[in-house]
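Open the model in your viewer and keep the selection panel handy. We will take it one stop at a time.

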2 protein chains.
Amino acid sequence: MCSPPSKDWDQFFSENPAPANFKVSEEKLLNFITSNQAMPLCLVTSGGTTVPLEVNTVRFVDNFSAGTRGSASAEYFLQNGFAVIFLHREKSLEPFSRHFSPRELLSAMDVVEGGGISVGNTDLAKQLRPVVENAKKYQNNLCQISFTSLSDYLWLLRSASQQLGNTAQNSCLLFLAAAVSDFYIPARQLPEHKIQSSVGPPVVQLQLVPKMLKPLVSLWASNCFVVSFKLETDPEILISKSRSALETYGHNLVIGNILSTRKRKVILVTKERSEEIVMDDEEVKSGLEIEEKIVKKIAEIFKKL
Amino acid sequence: MCSPPSKDWDQFFSENPAPANFKVSEEKLLNFITSNQAMPLCLVTSGGTTVPLEVNTVRFVDNFSAGTRGSASAEYFLQNGFAVIFLHREKSLEPFSRHFSPRELLSAMDVVEGGGISVGNTDLAKQLRPVVENAKKYQNNLCQISFTSLSDYLWLLRSASQQLGNTAQNSCLLFLAAAVSDFYIPARQLPEHKIQSSVGPPVVQLQLVPKMLKPLVSLWASNCFVVSFKLETDPEILISKSRSALETYGHNLVIGNILSTRKRKVILVTKERSEEIVMDDEEVKSGLEIEEKIVKKIAEIFKKL
């Protein structure tokens, strides 16, 4: 396989149009960054991206991610004193509301005398309390921007990184937990309308997506502390693949994890060293989330800079 | 294109394994049907299906449907006196909870004295009231079963149709609003693990899905009243394509709709005649949903049988 031409990312943006509401999102980001200059700023990306198979999209290729790690991490960054831009897949899990399904909330509600609504189920009310309180407490420190397609994600990622790279602050934190597709179909190759079943089954030819971490680290947000993720199934190659990513892109830290154990163990890899974060049985049983430990550690490293 | 061999549906089920929790779902269906024999029974299918590209699915082809029509229709069938089996895509819209996002619900909640939770926002509380009341009122007449993949959907559809086809009742209603993929990759052709980007972009060869409406109408639920949907972009061919579906599958009614106007106009097509259901500006403004009119009409036709 030959390597793609240089500046393939520029070509990507020239060939794939910006999302419909891009200007609004850019302004929202700018306002949020401006009004949170007093705090350390953090971008958390979360959820999977889609690759449309038609311009008027009915069908698309998706890569699955519920947004568990991203939404939990965003919550813990808020609790660690960060202002958080949460760039997430539409309908994936979000900070705070992730703890409850809409059906669960609705079925716990009662109409009370006078026509008000309250949560009658006392167990659920007890669980809801800290969530409701935290959602209110941090509402001005959280900026939620959503995407669906790979192309929309990359446009918004570039914009957010560039704006964070340009802040008066010495450095912002980029925590890239989204599950981004490796493959796509360039906009010019997409059929305009829904693929008809009457013409027989289609063959879908995908192409490699340019590695955006390269321009992100070297051009868009060169003064930011950048954390990426690496998910593998083979523990033997995890550290070497994480180091090789650090060398290729020049960023600060890779959080390596193995698919089957990712909720109990991760490894933080920098150019110099690696450090495991592990949950013991007691911690798992008590409902502690590994993201709480990860974010605490990352925040420590970041604040020492 | 040559037509597929006969009984291609049997081949589909022999080649694609049942969903993991299939026995539990079958029992849930049986219990629900048994305990709701006194009411007319209705199956509503809703949302899009996925087609996995890997056995340990990270990537899949999806066809987009939020589940708006299905979830709204399920609500109106309940209000028209039906017991409803709601077979829906996991995380798509559901009856009642569809009216609110989790984020919206959470941000409207307050922790009150004594530690309880109430909805302080009076506008939202007013909107929530009938929804909370109806969700409670109909909770024993609603059976929710969820799917994600095309294969899971078809296994559950067959099971639900066969069970409804076997009830003591003369006839049940099947309202097939799900957006089902026309294409898939047979299980035996799926790679076991995540497709690696290092080996280059994959070519995805899809196959046609057998038309399950045929065995559903002629074998599984031959005594049921079956309603299917047809979505087109060209109004000229809508009625002829709907009639041709009725001739091919032998079911009772097609609800034809045009992509751009589907929330304001549909056409009910039977072998004998066709009838438009249209929303005027006043009705749209007042927040009336076209599904309320559709379901009322279908319930009238069904109850006359």
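Begin with both chains: a rotation of 180° with 0.0 Å of shift along its axis superposes chain B on chain A, with an RMSD of 0.0 Å (a least-squares fit on C-alpha atoms of residues with pLDDT of at least 70 in both copies). That is the relation of a two-fold axis. Colour the contact residues (heavy atoms within 4.5 Å): 100% of those of chain B recur in chain A, so the same surface serves both copies.

A word on what you are viewing: this is a predicted model, in which local features need pLDDT of at least 70 and side-chain atom pairs pLDDT 80 or more, while totals for chains, interfaces and linings use all residues. Residues are numbered from 1 along each chain as written, chains are lettered from A and ligands numbered from 1 in written order, and side-chain values use heavy atoms, without hydrogens and water.

Next, select strand β4 of chain A, residues 83-89 (strands are DSSP runs of E, at least two residues; helices are H or I, at least four; both are numbered from the N terminus). Seven of its seven residues are buried, meaning under 20% relative accessible area with a 1.4 Å probe, protein chains only; exposed is over 50% and partly exposed lies in between. A:Ala83, A:Ile85, A:Leu87 and A:Arg89 are on one side, with A:Val84, A:Phe86 and A:His88 on the other.

Now add the neighbours of β4(A). Strand β1 (41-46) pairs with β4(A) in parallel over six bridges (pairing takes at least two DSSP bridges), and A:Cys42 stands opposite A:Val84. Strand β7 (142-147) also runs parallel to β4(A), joined by six bridges; here A:Ile85 stands opposite A:Cys143.

Finish at helix α2(A), where A:Phe22, A:Ser25, A:Leu29, A:Phe32 and A:Ile33 are buried. Elements covering the buried residues include β1, β4, β7 and α6 (150-165) of chain A. Turn to the other side for exposed A:Lys23, A:Val24, A:Glu27 and A:Ser35.
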